[in-house]
Amino acid sequence: FKGGDTCEYLLSSGRFLGEKVWQPHSCMMHKYKTSEAKNCLIDKHVVFLGDSRIRQLFYSFIKLINPQIREEGNKHGNIPFEDKSASIKVDFLWYPEVNGSMRQRIKSWTESSVAKPHIIVAGAATWSIKIHNGSNEALTQYKINITSIAPLLEKLAKSSDVYWVLQDPVYEDILSESRKMITNEKIDAYNEAAVRILNSSSRNSKAKVKVFSVSKLIAQETIMKSADGLHLPESSRDTNAMILMNVYCNKIMKPIDGSCCQPQPPLTLIQKLAFCFFTLSIIGYLIINVIHRNNFRKNKCTDLESGEEKKPDISTPNVSTLEMLLHSFCKLGLIMTYFYLCDRANLFMKENKFYTHSSFFIPIIYILVLGVFYTETTKETKVLNREQTDEWKGWMQLVILIYHISGASTFLPVYMHIRVLVAAYLFQTGYGHFSYFWIKGDFGVYRVCQVLFRLNFLVVVLCIVMDRPYQFYYFVPLVTVWFMIIYATLAIWPQIVQKKANGNCLWHFGLLLKLICLLTCIYFLSYSQGSFEKIFTFWPLSKCFELNGNVYEWWFRWKLDRYVVFHGMLFAFIYLALQKRQMISEGKGDPLFSSRVSNVLLFISIISFLTYSIWASSCKNKTECNELHPSVSVVQILAFILIRNIPGYARSVYSSFFAWFGKISLELFICQYHIWLAADTKGILVLIPGYPMFNVLVSTFIFVCVAHEISQITNDLAQIVVPKDNSTLLKRLLCLAGFFSGLLLFSAVQDQSRH
């Protein structure tokens with residue numbers, strides 16, 4: 001379903017999400033702040049022309065520029081407004097009827113010597129119905145008058161934005177006696193006449209007066225709350241004003257979460273080169289495939305002529321490195337085309353998120369039931385074994401996905417618990433990488449390159465195809481930097497590993513000293529924003545970690561979970577030390593400690609887990625809670641680990657459903673940005689409009705399949721791009737260095753052309 005003209009949809013159609021949130025058909029509406037409204041309307045002149053309903057719209061509009069304004073002044077007269085700081089002028093001109101006076105005013109703007117308003121919002125009809133007691137003669141005269149005005153409006157529309165506001169319905173039951181003749185039937189007749197005349201006039205002109213008919217739809221839902229049956233309640237007027245702001249400002253300000261009225265961004269030089277690369281990969285793969293098919297047919301014909309029938313050897317398919325490489329890039333090219341079409345081209349629709357408790361908690365309950373249903377026995381019963389960590393990543397990722405699509409970040413208790421899940425991912429990063437280096441003692445380049453490639457491959461491709469900075473996908477830079485910190489901490493002399501420490505217990509103290517130094521550095525950087533910024537604003541690091549021209553976002557993300565990786569490393573060290581000294585029991589069905597110790601620890605863990613949840617649920621201020629979060633998030637993480645691992649029966653089972661998702665959790669987290677959510681996570685992708693549940697099912701199915709396919713592509717390419725042979729690996733690293741140098745060069749050219 002094509003998105004079509006989103007401006008036309010914004011002005012003409014939509015529905016309410018809840019009571020006050022308006023959702024335009026097919027696109028997303030940005031909520032403009034005062035500063036944004038001023039930046040958009042700087043040096044602009046806006047005119048509202050009409051009756052008391054237009055006056056209401058005028059006041060709602062100027063409140064977006066100055067929220068302190070009050071509805072004062074002559075109700076049946078002109079009302080000026082000016083914001084001198086931004087040189088914005090907004091006027092309301094009292095013309096309650098479409099007549100000669102209104103025509104004369106509009107005609108005066110069409111004269112070349114007069115400065116024309118940049119935006120004109122006009123509309124009137126209810127006074128004509130009231131004054132002439134709803135007579136047919138008044139309607140006939142209205143048609144004549146608007147016919148004479150239409151060409152003038154079209155002429156103005158060539159240089160200004162002109163909107164004709166259709167009349168809202170009334171709530172006839174509570175209208176005063178003096179307004180009883182204003183019926184919805186009469187209003188519909190006037191609206192029909194205005195639309196027919198304005199549309200017929202626009203057919204003969206390239207310019208077009210935009211008919212603002214969405215106000216009528218909004219009024220149909222809210223007019224019952226009107227104080228007098230004629231004028232809209234304040235919330236509805238504010239929605240209309242916000243729609244006007246989106247229609248005019250979105251193409252100027254280009255907000256990420258305002259897809260209405262935004263043109264498709266032009267392809268950058270890097271995107272064009274990426275398109276050429278993927279096209280050549282697809283062509284190359286098809287050529288190789290055709291050659292292989294022809295060779296297979298020739299061999300088959302030769303076998304038939306000789307009278308022998310040979311069974312094909314399918315045990316070890318002979319696939320060349322080049323063919324595998326082209327095959328992977330061929331699939332990736334098709335997938336990236338889908339990414340681009342979903343979130344850069346105006347092909348598919350997008351909608352705003354809207355949070356309700358049911359939209360978050362019902363899917364959570366559903367996936368938990370599914371997860372419990374797919375319970376299997378683990379291959380090993382160690383603490384945080386592979387199946388268990390995959391399961392942990394899986395259910396956390398599913399919860400985070402539901403959190404994002406439901407817009408639950410507006411509900412603070414849910415937000416705080418999701419922050420713990422993100423921290424738990426980083427805890428696993430500290431635990432997993434520390435355990436590997438401590439046990440294996442492998443600090444080789446191959447291991448580092450494998451991890452960095454698997455973490456960053458998809459994000460680098462998306463940065464190129466979707467024209468987004470690396471820091472935009474904040475979680476990948478976060479785990480990448482923490483991996484390098486863990487590596488540096490353990491690899492720097494003296495290299496202390498388990499084998500060396502077993503020979504002399506003093507090495508344990510040496511490792512603890514290293515960890516204390518790491519904690520000191522973390523503490524210093526978290527309270528020294530200047531030092532942190534000096535490190536990451538150094539070129540070329542700045543190209544990776546800047547967002548909107550600074551590294552504040554990166555500092556905020558890093559600071560929010562600054563201690564949890566250290567906690568993961570420390571937990572791994574303590575656990576492995578206890579395991580080595582056989583102080584814990586990890587047999588199948590056995591509790592982790594003695595019965596008494598296990599029961600005490602289990603009780604403490606449950607209390608700690610619930611205490612954190614109560615604290616998080618009682619949070620009143622996000623900023624204050626974020627300040628405490630880095631220090632206390634580990635409480636719930638450790639409590640969960642102990643609850644999950646102390647009982648032997650709990651350690652012996654896992655959910656294969658969650659574990660499957662856990663294996664592709666990184667791809668799911670990144671892919672959601674563009675092919676499940678939309679507008680860079682700010683909205684929801686709409687593949688099937690009009691059927692929200694069916695749309696979510698279809699888009700989710702495609703999204704999960706794509707994430708799984710990208711995971712396989714990444715694994716295949718990792719084997720090719722990062723070989724075990726050191727000399728070959730060195731050559732590949734030099735090629736990658738050349739690739740990123742070229743990318744930086746092209747990026748600099750792009751930035752210069754944009755400025």
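**Contacts, cores, a sheet and disulfides**

Trainee: Which residues does F475 touch, and what makes such a pair a contact?
Mentor: Setting aside residues up to four places away in sequence, F475 touches V422, Y425, L426, L666 and F669. Contact means heavy atoms within 4.5 Å, so each of these residues meets that limit with F475.

Trainee: What should I keep in mind about the model itself?
Mentor: This is a predicted model, in which local features need pLDDT of at least 70 and side-chain atom pairs count only at pLDDT 80 or more, whereas totals for chains, interfaces and linings use all residues. Residues are numbered from 1 along each chain as its sequence is written, and side-chain values use heavy atoms, with hydrogens and water left out.

Trainee: Why is a group of residues called a nonpolar core, and how many residues does the largest one have?
Mentor: The name is given to a set of buried Ala, Val, Leu, Ile, Met, Phe, Trp, Tyr and Cys residues joined through side-chain atoms within 4.5 Å, where buried means under 20% relative accessible area, exposed means over 50%, and partly exposed lies in between (1.4 Å probe, protein chains only). The largest such core has 139 residues, and those with the most contacts inside it are M336, F339, W392, Y473, F475 and I637. Helix α14 (residues 412-440) gives the most to this core, with 17 residues. Apart from it lies another core, of 45 residues, among them C27, Y32, L57 and F92.

Trainee: How do you know that strands belong to one sheet, and in what order do they lie?
Mentor: Helices (H or I, at least four residues) and strands (E, at least two) are DSSP runs, numbered from the N terminus, and two strands pair if DSSP finds at least two bridges between them. An open sheet of 6 strands results, in the order β4-β5-β3-β6-β7-β8, with mixed pairing. Its edge strands are β4 (79-83) and β8 (210-212), each of which pairs on one side only. As an example, strand β3 (residues 45-50) and strand β5 (residues 88-94) run parallel and are joined by 6 bridges; since the rule asks for at least two, they count as paired. Within that pair, G50 stands opposite W94 in β5.

Trainee: Which helix lies across β6 and β7, and at what angle does it run to β7?
Mentor: Helix α6 (residues 136-156) lies across β6 (119-123) and β7 (161-165), running at about 160 degrees to β7. Axes are lines fitted to C-alpha atoms, for helices over the stretch in contact, and angles run from 0 to 180 degrees between N-to-C directions.

Trainee: What makes C7 and C261 a disulfide?
Mentor: In general, a disulfide is a covalent bond between the sulfur atoms of two cysteines. The test used here is a pair of cysteine sulfur atoms within 2.5 Å; those of C7 and C261 are 2.0 Å apart, so the pair qualifies. With 130 degrees about the S-S bond, this link is right-handed. It joins distant parts of the chain, C7 in helix α1 (residues 6-12) and C261 in the loop between α9 (234-253) and α10 (269-305), 254 residues apart.

Trainee: How do you know that C27 is joined to C260, and is C27 buried or exposed?
Mentor: Their S to S distance is 1.9 Å, which is within the limit and therefore makes a disulfide. The torsion about its S-S bond is about 90 degrees, so the disulfide is right-handed. C27 has a relative accessible area of 0%, so C27 is buried, and C260 is likewise buried at 0%.

Trainee: Which hand does the link of C619 and C625 have?
Mentor: The sulfur atoms of C619 and C625 are 2.0 Å apart and form a disulfide, which is left-handed, with -120 degrees about the S-S bond. By this rule the count comes to 4 disulfides, and numbering the bonded cysteines in sequence order gives the pairing 1-6, 2-5, 3-4, 7-8.

Trainee: Why is C342 not bonded to C671, and what about C517?
Mentor: The sulfur of C342 is 11 Å from the closest cysteine sulfur, in C671, which is too far for a bond. For C517 the closest cysteine sulfur is in C521, at 6.8 Å, also too far for a bond. C342 counts as buried because its relative accessibility is 0%, whereas C517, at 44%, counts as partly exposed.
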